[in-house]
Amino acid sequence: MTANERLKQRFGEWFWGSLAAATVIHFLIFMFFPTLSAQDMSFSTPEMISFELPPEVEIPPPPEQIARPARPVISATAIDEDVTIAPTTFEANPIENLPPPAGAEVDISEQPVLTPFTVAPDLKNRAEVERALKRYYPPLLRDAGIGGDVLVWFFIDETGKVRKTLLKESSGHKALDEAAIKVAEIMEFSPALNRDKKVPVWVALPITFRTQ
């Protein structure tokens with residue numbers, strides 16, 4: 001009998017013996033296996049802490065856009081051709097401001113005094129004055145759109161030349177006042193006339209700085 005035949009003949013014994021052995025082994029494993037228990041996995045919810053919210057803050061609207069300053073348009077007030085001589089009174093003209101008596105030699109260029117004339121001096125170099133106004137206009141005030149009027153005393157000699165300038169009324173801005181004095185120094189006039197005679201005079205003229 002061959003080995004294969006012997007194996008086939010004893011197959012039943014090996015099969016049932018193996019099955020019985022496996023059953024016994026599994027029984028022993030379950031019998032001696034440690035007892036398993038579920039671990040306590042319970043959890044608790046922590047108590048919620050309440051917070052008091054701050055009051056609502058009203059947010060202001062954004063500021064309006066600042067308009068860009070316009071280009072300045074500068075002008076110097078011209079001297080009126082029609083000059084009206086106000087009546088002379090002692091209240092309006094104190095004695096110290098009156099012209100000297102005839103024959104007295106007094107330097108009237110020292111300070112503004114009453115100087116009579118029948119024909120007012122007339123500005124001759126208007127174009128040059130316009131350029132000077134633009135050149136001397138303080139940039140910070142010009143860009144901010146700030147202008148003003150400066151009243152300046154002019155002492156004009158017999159030839160029409162400006163010999164002296166003094167500030168009479170301020171514009172409220174020192175930089176504008178200083179610029180007006182610089183402009184005043186380059187002005188040229190025709191001579192003033194008292195009847196048919198050329199005379200030196202003091203006149204007060206406004207110099208205007210404007211933006212448009």
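User: What relative accessibility does arginine 210 have?
Analyst: The model is a predicted one, and every value here is computed from it. Burial would require under 20% relative accessible area and exposure over 50%, and arginine 210 counts as partly exposed because its relative accessibility falls in between. The value for arginine 210 is 36%.

User: With which residue does aspartate 149 form a salt bridge?
Analyst: Aspartate 149 counts as partly exposed, at 39% relative accessibility. Its partner lies in the segment after strand 5 while aspartate 149 itself lies in strand 1, so the pair ties together parts that are 61 residues apart in sequence. The closest N and O atoms of the two are 3.0 Å apart, and the partner of aspartate 149 is arginine 210.

User: How far apart are N and O where the side chains of arginine 126 and aspartate 122 meet?
Analyst: Arginine 126 counts as partly exposed, at 34% relative accessibility, and aspartate 122 likewise counts as partly exposed, at 30%. Side chains of opposite charge can pair when their charged atoms come close. For the salt bridge between arginine 126 and aspartate 122, the N to O distance is 3.1 Å.

User: Does aspartate 157 count as buried or exposed?
Analyst: Aspartate 157 forms a salt bridge with arginine 163, and their closest N and O atoms are 2.6 Å apart. Arginine 163 counts as exposed, at 52% relative accessibility. Aspartate 157, however, has a relative accessibility of 7%, and because residues under 20% are classed as buried, aspartate 157 counts as buried.

User: What pattern does the protein chain follow, read along the sequence?
Analyst: The secondary structure of the protein chain comes to five helices and five strands. Taking these elements in the order in which they occur along the sequence, the pattern of the protein chain is α-α-α-α-β-β-α-β-β-β.

User: Which element gives the largest share of the largest nonpolar core?
Analyst: The largest nonpolar core has 28 residues, and those with the most contacts inside it are Val152, Phe154, Met187, Phe189, Ile207 and Phe209. Helix 3, strand 1, helix 5 and strand 5 are the elements that give two or more residues to this core. The largest share amounts to six residues, and the element that supplies it is helix 5.

User: Which strands do the buried residues of helix 5 pack against?
Analyst: Helix 5 covers residues 174–184, and its buried residues are Leu176, Asp177, Ala179, Ala180, Ile181, Val183 and Ala184. Among the elements that these buried residues pack against are helix 3 (126–136) and helix 4 (139–143). The strands they pack against are strand 1 (148–156), strand 2 (162–169) and strand 5 (201–209).

User: What distance separates the C-alpha atoms of lysine 182 and tyrosine 136?
Analyst: Lysine 182 lies in helix 5, where it is partly exposed, with a relative accessible area of 43%. Although lysine 182 and tyrosine 136 are 46 residues apart along the chain, their C-alpha atoms are separated by 7.5 Å.

User: Which residues does serine 109 touch, not counting those up to four places away in sequence?
Analyst: Serine 109 lies in the loop between helix 2 and helix 3. Despite this loop position, serine 109 counts as buried, at 17% relative accessibility. The residues that serine 109 touches, leaving out those up to four places away in sequence, are Phe155, Lys164 and Trp202.

User: About how much accessible area does the nonpolar patch on the surface have?
Analyst: One member of the patch, phenylalanine 27, is found in helix 2 (residues 11–32), and it is exposed, with a relative accessible area of 55%. The patch is formed by Val24, Phe27, Leu28, Met31 and Phe32. Together these residues have an accessible area of about 570 Å².

User: Over which residues is the pLDDT below 50?
Analyst: The mean pLDDT of the protein chain is 79, and 70% of its residues reach 70 or more. One stretch with pLDDT below 50 has eleven contacts in the model beyond near neighbours in sequence. Where pLDDT is low, the predicted coordinates should not be read in detail. The stretch in question covers residues 78–85.

Terms used
Residues are numbered from 1 along each chain as its sequence is written. This is a predicted model: local features need pLDDT of at least 70, side-chain atom pairs count only at pLDDT 80 or more; totals for chains, interfaces and linings use all residues. Side-chain values use heavy atoms; hydrogens and water are left out. Buried means under 20% relative accessible area, exposed over 50%, partly exposed in between (1.4 Å probe, protein chains only). Helices (H or I, at least four residues) and strands (E, at least two) are DSSP runs, numbered from the N terminus. Contact means heavy atoms within 4.5 Å. Patches are made of residues with over 30% relative accessible area and no salt bridge: like charges are joined within 9 Å, nonpolar side chains (Val, Leu, Ile, Met, Phe, Trp, Tyr) within 5 Å. Accessible areas come from the Shrake-Rupley method with a 1.4 Å probe; for residues, only the protein chains shown count as cover. A salt bridge is a side-chain nitrogen of Lys or Arg within 4 Å of a carboxyl oxygen of Asp or Glu. pLDDT is the predictor's confidence in each residue, from 0 to 100. A nonpolar core is a set of buried Ala, Val, Leu, Ile, Met, Phe, Trp, Tyr and Cys residues joined through side-chain atoms within 4.5 Å.
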